[in-house]
Amino acid sequence: MALACVPYEPTHLSALQALTPRGIPPGGLQVQAVTLLDAQGPCACFGISSAWPTLGFAWFEERTSEALQVARLQVGKCVLSHWKGWLAEGQYQRIECRVPELHARAHRLVKWLGFRLVVRKPHYDPWGGAVYEYVFYPRRDE
């Protein structure tokens, strides 16, 4: 399965959330994001939203976890390439993300990107389930 990595548009996320609503809109002052497209349309959106300068919130929304497994190497390359590019801009001092407790692949992804676990938040998602909050501190070369 070939995927295309294209600039993010809010309609991409709306299409994903219509299928699997998660209640995690990437609001904020600034959004850096990309969308992965397959033959059916948007299959994932990944980005960092900023509520204010220096603080980012990383998010990844997918149509289905299983659909992305077929092209996981391509997904990983796209995510890592953009992640490194956004970090190289040097605007973030802290980036946070939240992962549903039972989403093992998401936990592996955030750890792979360098996030560290901060806390488990019981009853935190819209359906009463627990989420894990992770944080990433970009290194500053001084």
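Let's start at Tyr 8, which sits in the loop between strand 1 and helix 1 (10-19). The structure here is a predicted model, and its chain has four helices and seven strands. Along the sequence these elements follow the pattern β-α-β-β-β-α-α-β-α-β-β.

**Tyr 8 and its surroundings**
- Tyr 8 has a relative accessible area of 16%, and it counts as buried because the cut-off for that label is under 20%.
- Leu 36 lies 28 residues from Tyr 8 in sequence, yet the two C-alpha atoms are 8.7 Å apart in space.

**The sheet**
- The seven strands make an open sheet with mixed pairing, and their order across it is 1-2-3-4-5-7-6.
- Strand 1 (4-7) and strand 6 (116-121) are the edge strands; each has a single partner strand, so one side of each has no neighbour in the sheet.
- From one strand to the next, the twist averages 20 degrees.
- As a general reminder, strands of a sheet pair through backbone hydrogen bonds, in either a parallel or an antiparallel way.
- Strand 4 (residues 54-62) and strand 5 (residues 92-100) run parallel and are joined by four bridges.
- If you would like a spot to look at in strand 5, try Ile 95, which has Gly 56 standing opposite.

**Helix 3 across the sheet**
- Helix 3 (residues 72-88) lies across strand 1, strand 2 (30-38), strand 3 (41-52), strand 4, strand 5 and strand 7 (131-136).
- The angle at which helix 3 runs to strand 2 is about 165 degrees.

**Helix 4 and its two sides**
- Four residues of helix 4 (residues 104-113) are worth picking out in the viewer: Ala 106, His 107, Val 110 and Leu 113 are buried.
- Looking down the axis of helix 4, you will find its buried residues within an arc of 130 degrees, so they line one face of the helix.
- An α-helix has 3.6 residues a turn, so residues three or four places apart point the same way.
- The partners that the buried residues of helix 4 pack against are strand 3, helix 3, strand 5 and strand 7.
- Arg 108 and Lys 111 are exposed, on the other side of helix 4.
- After helix 4 comes Gly 114, with a positive phi near 110 degrees.

**The chain as a whole**
- The chain has 142 residues, of which 43% count as buried.
- Taking contacts between residues at least 6 apart in sequence, 58% join residues at least 24 apart.
- About 8,200 Å² of the chain is exposed, with carbon and sulfur atoms supplying 58% of that area.

Definitions and conventions
Residues numbered from 1 in each chain as written. Predicted model: local features only at pLDDT ≥ 70, side-chain atom pairs only at ≥ 80, totals over all residues. Heavy atoms only, no water. Pairing = 2+ DSSP bridges. Axes fitted to C-alpha atoms, helices over the stretch in contact; angles between N-to-C directions. Contact = heavy atoms within 4.5 Å. Buried < 20%, exposed > 50% of the residue type's maximum accessible area, 1.4 Å probe, protein only. Areas by Shrake-Rupley, 256 points an atom, 1.4 Å probe, with all protein chains shown as cover. Arc of directions from axis to C-beta.
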